[in-house]
Amino acid sequence: MNGPRTWGLPKSWNLNQILFGMLAVLFFVLPLHQELAGIVFFLCFFLNLCNVYKTGQFWPTCHVPKAISRSLWALFLLSLISCLWSPAPGASLFNWVWVVGQEAGIFYLVLRYASTGRRSLFLMKVFMISAGVVAAFGLWQYFYGVTLQNVEWVDHDAFRHVYRRAVSTLVNPNILGTFLVLTVAYCEGIFAPLKGGKTRAALVVIFLLATACLILTFSRGNWVAYFWVLFIFAGAFYHKAFLPFIGGGLGVLYLCWNKIAERLMSIFSVQDTSAELRFFYLETSLDMIRDHPFGVGWYGYGYAFPSYNFFMDKDVFMYHSHNLLLNITAELGIAGLFLFLFFIVHMFFLAREIRHRAHVRPWIRGVACGYMASLVGIFISGLTDYTLFNTQLGMLFWAGNAVLLVLHHLSLVESQKTASSH
């Protein structure tokens, strides 16, 4: 009876090990190439189905607090049901299967196959290496690429000194900027509790690469998010960082004052097309929320947008509202916003609790610190853009949530073992 479940593979082959290896590959390629990441994800999904059939086990053994799991299930089901009242139910359902399927999938895969300390640490290392590659390629691309002078991303009339922006392997400079803010947050968070060595040195290198590349994205919202991430790090996690960050900031301003000042001051102006459009998106989103308190359905923003469009070309399809919280509310309603914030607040306090637990390994505390700093970056950058709309960033965001839940489980086990030994 057990014959068919061996799949004809050698006994030394363990699908759990193979799946973790594929998950590590997914973590590496996800920021580098969206289509390749999709292929790796679906291979992981297929192998997981095989493993479920072989072992008879589907649910992860990692413990998730009830308040978090219930809010997640409610948000998951609400987003699915909301497709019914979308202006384009078929398109919304297809997008839900494609986007939410991958985001929920990577969340599940991390909980199922990375629930040990070594595996979760390895995934974080893979992510940091991949982030360093993205940042390094962005710098090379900015200075030596020949396809960067793209008018789509630069308002040459408003910004005379900005003639190109770093894009790297992501879709546009704003998405790259948010990714680099997340990278900086985790670099700082993991750096803080470590005592020294090669890991700290590698984190410093990745931090500097990400910072340099972020400057060259000329993404104003992400610059502000970066500042707050540094402020939280220096103020809450590592007080010694205040003087180096002040000195580094003054050095950057001295070298690039004209370009940086021009971009930063434009935040308070509506003379450039980007700022003007964001005020328009704000008004449109608020009108949409007022008319649809239950939302326009998952992925329904673009189909409801023409009814509120008084500014742009009628043929332009607007995918999102360029604001994280407004977009969630516009599509999933006030209930969706409440569930999302409920989940995030609980995750933030869970990370804070992990950081202060006794007898927890330093790198676990570091990831918890990085997670808290990353939430600050996401919400600050989310005031001017909705970059989590991008599948790559969305999957990384939910993978980060899953890693934190794994670390919660591991730190509880470690604390209990230490307490029982005493």
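**Note on a predicted helical model**

1. Asn-390 is found in the loop that runs between helix H14 (362-381) and helix H15 (391-421), and the reader should keep in mind from the start that this is a predicted model. With a relative accessible area of 8%, Asn-390 counts as buried, because buried means under 20%.

2. The side chain of Asn-390 is placed beside two backbone nitrogens: it reaches that of Gln-392 at 3.0 Å, and one of its polar atoms lies 3.0 Å from that of Leu-393. Leaving aside residues up to four places away in sequence, Asn-390 touches Gln-34, Leu-170, Val-171 and Ile-175.

3. For the protein as a whole, the secondary structure comes to 15 helices and 0 strands. Of its 422 residues, 53% count as buried, and the accessible surface comes to about 20200 Å², of which 69% belongs to carbon and sulfur atoms. Among contacts between residues at least 6 apart in sequence, 76% join residues at least 24 apart.

4. Where does Ser-120 lie, and what does it touch? Ser-120 belongs to helix H5, which covers residues 117-144, and its relative accessible area of 1% is under the 20% limit, so Ser-120 is buried. When residues up to four places away in sequence are not counted, Ser-120 touches Ala-114, Trp-363, Val-406, Leu-407 and Leu-410. A useful pair to find in the structure is Ser-120 and Leu-404, which are 284 residues apart in sequence and yet 9.2 Å apart in space, from C-alpha to C-alpha.

5. Helix H1, residues 15-29, has 15 residues and reaches 21 Å from its first C-alpha to its last, which is close to the 21 Å expected at 1.5 Å a residue. At the N-terminal end of H1, Asn-14 acts as a cap, with a side-chain oxygen that lies 2.8 Å from the backbone nitrogen of Asn-16. The buried residues of H1 include Leu-15, Leu-19, Phe-20, Met-22 and Leu-23, and Ala-24, Leu-26, Phe-27 and Val-29 are also among them.

6. A search of the whole structure for aromatic pairs finds 28. One of them is formed by Trp-59 and Trp-73, an edge-to-face pair with 6.3 Å from centre to centre and 70° between the planes. This pair links distant parts of the chain, since Trp-59 is in the loop between helix H2 (34-55) and helix H3 (66-81), while Trp-73 is in helix H3, 14 residues apart. Trp-59 has a relative accessible area of 57%, and because exposed means over 50%, Trp-59 is exposed; Trp-73, at 45% relative accessibility, counts as partly exposed.

7. A further edge-to-face pair joins Phe-227 and Trp-228, and it is given that label because the planes of the two rings stand at 80°, with the ring centres 5.7 Å apart. Phe-227 counts as partly exposed at 48% relative accessibility, and Trp-228 is partly exposed as well, with a relative accessible area of 36%.

8. Two more ring arrangements deserve a look in the model. Ring pairs link Phe-58, Trp-59, Trp-73, Phe-76, Trp-96 and Tyr-108 into a cluster, so the Trp-59 and Trp-73 pair described above can be read together with the wider group, whose pairs have ring centres within 6.5 Å. Elsewhere, Arg-200 lies over the face of Phe-191, at 3.9 Å from the ring centre.

Notes:
Residues are numbered from 1 along each chain as its sequence is written. Side-chain values use heavy atoms; hydrogens and water are left out. Helices (H or I, at least four residues) and strands (E, at least two) are DSSP runs, numbered from the N terminus. Buried means under 20% relative accessible area, exposed over 50%, partly exposed in between (1.4 Å probe, protein chains only). A polar contact is a pair of N or O atoms within 3.5 Å; within protein, one must be able to donate a hydrogen and the other to accept it, and residues adjacent in sequence count only if both atoms are side-chain atoms. Contact means heavy atoms within 4.5 Å. Rings of Phe, Tyr and Trp (its six-membered ring) pair if their centres lie within 6.5 Å; planes under 30 degrees apart count as stacked, over 60 as edge-to-face and the rest as tilted. A charge sits over a ring if NZ of Lys or CZ of Arg is within 6 Å of the ring centre and within 35 degrees of the ring normal. Accessible areas come from the Shrake-Rupley method with a 1.4 Å probe; for residues, only the protein chains shown count as cover. The expected span of a helix is 1.5 Å times one less than its number of residues.
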